[in-house]
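Me: I am new to this structure and would like to learn how to read it, one feature at a time. Could you take me through it, giving the general idea before the particular case?

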Amino acid sequence: MKVAIIGANGQLGSDVIRAFERAGHEVAPFFHRDIEVANIDSVRQALGLVKAEVVVNTSAMHHVEQCEQDPAAAFSVNGLGAWNLALATRDCGALLIHISTDYVFDGKKAIPYVESDVPLPVNVYGNTKLAGEYFVQTTNPKHFVLRTSAIYGKHPCRAKGGLNFVELMLKLARERGKVRVVDSEFVTPTPTSDLAEQIVALSRSDSYGLYHATAEGSCSWYEFAKEIFAITNTNVRLEVAAPGEFPAKVARPTYAVLENQALKKRRLNLFRSWRDGLRDYLGTGVSSITPVHS
Ligand SMILES: NC(=O)c1ccc[n+]([C@@H]2O[C@H](COP(=O)([O-])OP(=O)(O)OC[C@H]3O[C@@H](n4cnc5c(N)ncnc54)[C@H](OP(=O)(O)O)[C@@H]3O)[C@@H](O)[C@H]2O)c1
């Protein structure tokens, strides 16, 4: 298959490229300089050049504070950008795999969200990503919309800059010997390499639709940090941050945990537990997600 990957130097895009190449597919990587998803002419021109059968969109404006400050820009990338890609892929008969987020939910549920739960975003980022989901779902019938959570990988997140959570915790431990982390926000840390393998698997399926796509299980950020330090035998004083110690500038869902119900129903779920994924990332894992080969 010929696969176009948008966001080629992103945290997820880099691993998606590797996963498709490993599976023997021809990959056309698109960097931001090659395509502006918010511009339909740019999208049609770029995709017209490669004639891919599958397009994976990992691009987004997803710095939550920046989205809140510039909702029009966020909507043009996350909403209209998704629409443009859906139009262009529909017109050339290509499959569109589009990445969305746990932030489409308000986080008020106490058990994991499933695909049939009603989304209700609490910030601009979540609203614009939800708009993108709807544009894709209503425009190109050949689509997968994948909602994921708290991704981390070997390549830095372009939008947020700096280190991912795992590397940040290890750096703070090294430099300060003491780390304080919130215990009241729940996520599912998901390695980008595992999500990339799931994307490759779905590209070979015609069970199109909306899917939750995260590692198995969940934890608070504090529990995530605790596991990072346990696996790496890091000598650090880890403490629970006091309520309000790190005040959020923008509202966020406090419980952003997704259940991969649709993947499991269709026997497509490849994800392992977040702890196994973390061990693998840290180089101490024994099990690994089954890579998909063509
Ligand atoms: N990070 C998380 O924890 C998380 C959680 C849930 C869902 N997600 C979703 O996962 C996806 C991938 O995230 P990531 O962490 O891999 O992001 P990332 O590292 O910031 O990568 C995004 C990529 O998209 C490109 N891009 C940005 N705006 C673009 C535009 N208007 N046109 C074309 N390309 C553009 C960026 O290029 P430049 O940097 O050169 O502009 C970059 O290559 C996103 O859809 C995000 O919403 C992320």
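Reply: Let us begin with the polar contacts of the ligand, bearing in mind that the model is predicted. A polar contact is a pair of N or O atoms within 3.5 Å. Here a polar side-chain atom of Lys-160 lies 3.3 Å from a nitrogen atom of the ligand, while a backbone N or O atom of Ala-159 is found 2.8 Å from a ligand oxygen atom. The side chain of His-32 also takes part, with an N or O atom 2.7 Å from an oxygen atom of the ligand.

Me: How much of the ligand's surface does the protein bury?

Reply: The ligand taken alone exposes 910 Å², and the protein buries 91% of that area.

Me: Which elements give two or more residues to the shell around the ligand, and what classes of residue does that shell hold?

Reply: The elements that do so are α1 (11-22), β4 (95-101) and α5 (124-139), and the largest share, three residues, comes from β4. By class, the shell has 12 nonpolar, 11 polar and four charged residues. There are 27 residues around the ligand, and those that come nearest are Asn-9, His-32, Glu-36, Tyr-125 and Arg-158.

Me: Now I would like to read a helix. Which residues of helix α2 are buried, and where do they lie as one looks down its axis?

Reply: The general idea comes from the geometry of the helix: an α-helix has 3.6 residues a turn, so residues three or four places apart point the same way. In helix α2, which spans residues 40-50, the buried residues are Ser-42, Val-43, Ala-46, Leu-47 and Val-50. Seen down the axis of α2, these buried residues fall within an arc of 110°, so they line one face of the helix. On the other side of α2, the residues Asp-41, Gln-45 and Leu-49 are exposed.

Me: What covers the buried residues of α2?

Reply: The cover includes the strands β1 (2-6), β2 (26-30) and β3 (54-57), together with the helix α4 (71-91).

Me: What is found at the start of α2, and what follows the helix?

Reply: At the start of α2, a side-chain oxygen of Asn-39 reaches to within 2.8 Å of the backbone nitrogen of Asp-41. The helix is followed by Lys-51, whose phi is positive, near 50°.

Me: Why should a positive phi catch my eye?

Reply: It stands out because most residues other than glycine have a negative phi. Lys-51 is not a glycine, yet its phi is positive, at about 50°. This residue lies in the loop between α2 and β3, and Lys-51 is exposed, with a relative accessible area of 64%. Another case is Ala-150, also a residue other than glycine, whose phi is positive and near 40°. Ala-150 has its place in the loop between β5 (143-148) and β6 (151-152), and at 21% relative accessibility it counts as partly exposed.

Me: How do I read a residue such as Thr-58, and is it buried or exposed?

Reply: A careful reading takes the place of the residue, then its accessibility, and then its partners. Thr-58 lies in the loop between β3 and α3 (64-69), and it is buried, with a relative accessible area of 18%, where buried means under 20%. A polar atom of the Thr-58 side chain lies 2.6 Å from the backbone oxygen of Ile-6. Setting aside neighbours within four places in sequence, Thr-58 is in contact with Ile-6, Gly-7, Leu-12, Gly-13, Val-16 and Ile-99.

Me: Which polar partners does the side chain of Thr-101 reach?

Reply: Thr-101 lies in strand β4 and is buried, with a relative accessible area of 5%. A polar contact of 2.9 Å joins its side chain to that of Asp-102, and the side chain of Thr-101 also reaches the backbone nitrogen of Tyr-103 at 2.9 Å. Beyond its neighbours within four places in sequence, Thr-101 is in contact with Tyr-125, Lys-129, Arg-147 and Thr-148.

Me: Finally, what does Val-56 touch?

Reply: Val-56 is found in strand β3 and is buried, with a relative accessible area of 0%. Not counting residues up to four places away in sequence, Val-56 touches Val-3, Ala-4, Ile-5, Ile-6, Val-16, Phe-20, Ile-97 and Ile-199.

Technical notes:
Residues numbered from 1 in each chain as written. Predicted model: local features only at pLDDT ≥ 70, side-chain atom pairs only at ≥ 80, totals over all residues. Heavy atoms only, no water. Near = heavy atom within 4 Å. Polar contact = N/O pair within 3.5 Å; in protein donor to acceptor, adjacent residues only side chain to side chain. Areas by Shrake-Rupley, 256 points an atom, 1.4 Å probe, with all protein chains shown as cover. Helix = DSSP H or I, 4+ residues; strand = E, 2+ residues; numbered from the N terminus. Nonpolar A, V, L, I, M, F, W, Y, C, P; charged D, E, K, R; others polar. Buried < 20%, exposed > 50% of the residue type's maximum accessible area, 1.4 Å probe, protein only. Arc of directions from axis to C-beta. Contact = heavy atoms within 4.5 Å.
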